[in-house]
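Trainee: I would be grateful for a close look at a single part of this model, followed outward into its surroundings.

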Amino acid sequence: MKAFKMKPLSTNERCPLFEIIEIETINRCTRKCPFCKWSYTKRSDEKKMVMPMKTIDKIISNLKKMNFKGRISWFSTNDPFLDKRMVEIIRRTRLNLPHAWISLATNGELLTNKKYRTIRKAGLDALEYNIYDEKGKIRSETIINDGAIVFQDKRPDIANFDNFENMAGKVDYGSKTNYNNFCNRPFQMMIVKPDGNVILCCSDMHGEVVMDNINRNSLEQIWNSEMYQIYRRELKGGNRKNLKLCSKCNYCGGKHSVKYPF
Ligand code: SF4
Ligand code: SF4
């Protein structure tokens, strides 16, 4: 792999603004799925981080100024229902961003039918409910689906692990092919961690490639930062091999649906 150089670019290659933003408000999960960092990281080794409400409001206000109409997902490598403020976060998001698509994904361990009704009323458009074991399957049957939930059965005897991602080489799952092609993620989505760091993509589960921090700059400034441009330039050229994490990643590089999970 070539040495990674952080040299500023001379040209400003602007990219259309992101269509998807994932914001993790708490870096914890109830599970330890084998294809996820929580199976490799002891919770005690990762300092607990909770995004302050004022940072959450700042993000909402920034998106409002942009008149954002894409997808806002208040989770990343965590379970969003561990954040007790989640209903209020969804309520504030909906109030300020009436045309955005607001969705979450959960393992369902902390979800009840009552909580689901409450969060839907607060403005959630869609919920991906991942079933990882028999208890999850039984729990899923207690939630009345009003048409806004997609149940994804990922129980070991049902899921096709060949299609799973290797999280930029950090987990031993999925195809062993290291693609060296274009990848859409840094052109379409932004990922924010609880400390405000904006990181490369959702496969960067340890937050190793930091673009900038939302406490320093606006979302638009970060989206057009030099670090993003360096990654986009190399990915456009099909040069994953020059990039930290991308060189070991088995993600095929395709586009995401803004309204996922629908
Ligand atoms: S439920 Fe999701 S975030 Fe939690 S361990 Fe499993 S894959 Fe990771
Ligand atoms: S190639 Fe992999 S690590 Fe690189 S941006 Fe795409 S998904 Fe992320």
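In which loop is the place of asparagine 67?

Mentor: The model is a predicted one. Asparagine 67 is placed in the loop that runs between H1 and strand E2 (71–73). The phi of asparagine 67 is near 55°, a positive value in a residue other than glycine. Most residues other than glycine have a negative phi. Asparagine 67 counts as exposed because 9 C-beta neighbours lie inside 10 Å, where 12 or fewer is the limit for that class.

Alanine 168 offers a comparison. Its phi is also near 55°, again a positive value in a residue other than glycine. Alanine 168 is placed in the loop between strand E5 (149–153) and helix H5 (185–188). Here 24 C-beta neighbours lie inside 10 Å, so alanine 168 counts as buried. Alanine 168 is also one of the residues that surround ligand 2. The others are Cys183, Arg185, Pro186, Leu200, Cys201, Ser203, Arg240, Leu245, Cys246, Cys249 and Tyr251. By class, the shell around ligand 2 comprises nine nonpolar residues, one polar and two charged.

The helix that precedes the loop of asparagine 67 deserves attention next. Helix H1 (residues 53–65) packs with helix H2 (residues 86–96) at an angle of about 20°, and their axes are 10 Å apart. H1 is therefore roughly parallel to H2, and H1 passes H2 in a right-handed crossing. On the H1 side, the contact is made by Ile56, Ile60 and Lys64; on the H2 side, by Ile89, Arg92, Thr93 and Asn96. Three nonpolar, two polar and two charged residues make up this contact. In an α-helix there are 3.6 residues a turn, so residues three or four places apart point the same way.

Within that contact, isoleucine 56 can be examined individually. Isoleucine 56 belongs to helix H1 and counts as buried because 20 C-beta neighbours lie inside 10 Å. Apart from neighbours within four places in sequence, isoleucine 56 is in contact with Thr25, Met51 and Ile89. Isoleucine 56 and glycine 196 are 140 residues apart in sequence, yet their C-alpha atoms are 9.5 Å apart in space.

H2 in turn packs with a further helix. H2 and helix H3 (residues 113–122) meet at an angle of about 20°, with axes 8 Å apart. H2 and H3 are therefore roughly parallel to each other, and H2 passes H3 in a right-handed crossing. H2 contributes Met86, Val87, Ile90, Arg91 and Arg94 to the contact, while H3 contributes Thr118, Ile119 and Ala122. This contact divides into five nonpolar residues, one polar and two charged.

On the other side of H1 in sequence, lysine 32 lies in the loop between strand E1 (20–23) and H1. Lysine 32 is partly exposed because 13 other C-beta atoms lie within 10 Å. Leaving aside neighbours within four places in sequence, the contacts of lysine 32 are Trp38 and Ser39. Lysine 32 and lysine 259 are 227 residues apart along the chain, and their C-alpha atoms are separated by 27 Å. Lysine 32 is also among the residues around ligand 1, together with Cys29, Arg31, Cys33, Cys36, Trp38, Thr77, Asn78, Asp79 and Asn107. The shell around ligand 1 divides into four nonpolar residues, three polar and three charged.

Two further places complete the account. Aspartate 146 is found in the loop between helix H4 (134–140) and E5. Because 9 C-beta neighbours lie inside 10 Å, aspartate 146 counts as exposed. The C-alpha atoms of aspartate 146 and glycine 237 are separated by 44 Å, with these positions 91 residues apart along the chain taken as their separation. In helix H7 (residues 226–236), the buried residues are Tyr228, Gln229, Ile230, Tyr231, Glu234 and Leu235. The buried residues of H7 pack against H5, strand E8 (210–213) and helix H6 (219–223). H7 is followed by glycine 238, whose phi is positive, near 70°.

Definitions and conventions. Residues are numbered from 1 along each chain as its sequence is written. Chains are lettered from A and ligands numbered from 1 in the order in which they are written. This is a predicted model: local features need pLDDT of at least 70, side-chain atom pairs count only at pLDDT 80 or more; totals for chains, interfaces and linings use all residues. A residue is near a molecule or strand if its C-beta atom, placed from the backbone, lies within 6 Å of it. Ala, Val, Leu, Ile, Met, Phe, Trp, Tyr, Cys and Pro count as nonpolar, Asp, Glu, Lys and Arg as charged, and the others, Gly among them, as polar. Axes are lines fitted to C-alpha atoms, for helices over the stretch in contact, and angles run from 0 to 180 degrees between N-to-C directions. Helices (H or I, at least four residues) and strands (E, at least two) are DSSP runs, numbered from the N terminus. Angles under 35 degrees count as roughly parallel, over 145 as roughly antiparallel, 65 to 115 as roughly perpendicular and the rest as oblique. A crossing is left-handed if the near helix is turned anticlockwise from the far one by less than a right angle, and right-handed if clockwise. Two residues are in contact if their C-beta atoms, placed from the backbone, lie within 7 Å.
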